[in-house]
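Below are my notes on the model you sent. They are arranged as numbered points, each on one part of the structure.

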Amino acid sequence: MELRLASPEQIALVYERDLKPSFPPSELKPLANIQAMCREGCYKPWCLFSGEEIMGECFLWLGRPGWGLLDYLCVTESRRNSGAGAWMLAALRQAEPDMVILVESEAPVHAPDSELAERRMGFYARCGLRTAGYDTDVFGAHYKTLYMWREPLPDRRLMEENRFIYQNRFPKEKYDRYVRIPRDPAAGPVRQVPWNED
């Protein structure tokens, strides 16, 4: 198995085959946005290959140098529960050794499937990710914040870079309306809407 960057054609393939069935509209960027971000150099579409077969994806949305957000982690249906997800995270850590990688995982308390969300959090913990001391609310989805790095980092620094990733992509009006970093439980939920740039 090998982690490699996917071509535009391979991105389109896994988008339809893996991402579309696995992520709700509020969490799924349109394919055109992903491909545009790749062309702009702010996105790395890492895929797990076995020969020429793609077994899964761990797409990175890039922030400032040394920072990224794990945008999607997905294993193709036929390879789930095979250890491929953990293998991908370990390979990603090797491929990006100097990058702090932020991760958003659906908060079990507001997830449609709280048991699945709990299992996902457990998976990230077993893979060695650290849990930050703040949650986020993005397009109406409540996330726990985790990160991959060799040592603990202060929440203030994590939030600053987390905000930058979104602020660098969206106009201020859209950011203010749909992104809360950190999430303020007293503010009430953000309306859940599909991820888009319109």
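The points that follow take up the cores, the ring pairs, a buried glutamate, the salt bridges and one tryptophan.

1. Basis. This is a predicted model, in which local features need pLDDT of at least 70 and side-chain atom pairs count only at pLDDT 80 or more, while totals for chains, interfaces and linings use all residues. Residues are numbered from 1 along each chain as its sequence is written, and side-chain values use heavy atoms, with hydrogens and water left out.

2. Nonpolar cores. A nonpolar core here is a set of buried Ala, Val, Leu, Ile, Met, Phe, Trp, Tyr and Cys residues joined through side-chain atoms within 4.5 Å. Buried means under 20% relative accessible area, exposed means over 50%, and partly exposed lies in between (1.4 Å probe, protein chains only). The largest core has 41 residues, and those with the most contacts inside it are Leu19, Phe59, Trp61, Tyr72, Leu102, Leu158 and Tyr166. A second, separate core has 25 residues, including Leu48, Leu60, Leu70 and Met88. Leucine 19, from the largest core, is in contact (heavy atoms within 4.5 Å) with Val14, Leu28, Glu57, Phe59, Tyr72 and Cys74, leaving aside residues up to four places away in sequence.

3. Aromatic pairs. Rings of Phe, Tyr and Trp (its six-membered ring) pair if their centres lie within 6.5 Å; planes under 30 degrees apart count as stacked, over 60 as edge-to-face and the rest as tilted. The whole structure has seven such pairs. In one of them, phenylalanine 23 and tyrosine 72 are edge-to-face, at 4.9 Å centre to centre with 70 degrees between the planes. Phenylalanine 23 lies in the loop between helix H1 (8-22) and helix H2 (31-40) and tyrosine 72 in strand E4 (residues 67-75), so this pair ties together parts 49 residues apart in sequence. Helices (H or I, at least four residues) and strands (E, at least two) are DSSP runs, numbered from the N terminus. Both rings are buried: phenylalanine 23 has a relative accessible area of 18%, and tyrosine 72 has 1%.

4. A second ring pair. Phenylalanine 139 and phenylalanine 170 have ring centres 5.6 Å apart and planes at 75 degrees, so they too are edge-to-face. Phenylalanine 139 is in the loop between strand E6 (130-138) and strand E7 (141-148), and phenylalanine 170 is in the loop between helix H5 (155-167) and helix H6 (172-178), 31 residues apart. Phenylalanine 139 is buried at 1% relative accessible area, as is phenylalanine 170 at 6%. Ring pairs join these two with Trp61, Tyr166 and Tyr178 in a cluster.

5. Glutamate 104. What does this residue, in strand E5 (residues 100-106), have around its side chain? Glutamate 104 is buried yet has no salt bridge, and the nearest side chain of opposite charge, lysine 29, is 7.2 Å away. For charge, Lys and Arg count as positive and Asp and Glu as negative; His and the chain ends are not counted. A salt bridge is a side-chain nitrogen of Lys or Arg within 4 Å of a carboxyl oxygen of Asp or Glu. The side chain of glutamate 104 does make a polar contact of 2.8 Å with that of tyrosine 166. A polar contact is a pair of N or O atoms within 3.5 Å; within protein, one must be able to donate a hydrogen and the other to accept it, and residues adjacent in sequence count only if both atoms are side-chain atoms.

6. Salt bridges. The structure holds 18 salt bridges. Glutamate 52 and arginine 4 form one of 3.4 Å, N to O. Glutamate 52 is in the loop between strand E2 (43-50) and strand E3 (53-62), and arginine 4 is in strand E1 (residues 2-5), 48 residues apart. Glutamate 52 is exposed at 60% relative accessibility, whereas arginine 4 is partly exposed at 23%.

7. Helix H5. Glutamate 161 and arginine 157 meet in a salt bridge of 2.3 Å, N to O. Both lie in helix H5, four residues apart, about one turn of the helix. Glutamate 161 is buried at 2% relative accessibility, while arginine 157 is partly exposed at 30%. Salt bridges link these two with Arg64 and Glu160 in a network.

8. Tryptophan 87. This residue is in helix H3 (residues 84-95) and is partly exposed, with a relative accessible area of 33%. Tryptophan 87 touches Met1, Glu2, Leu3 and Leu48, not counting residues up to four places away in sequence.
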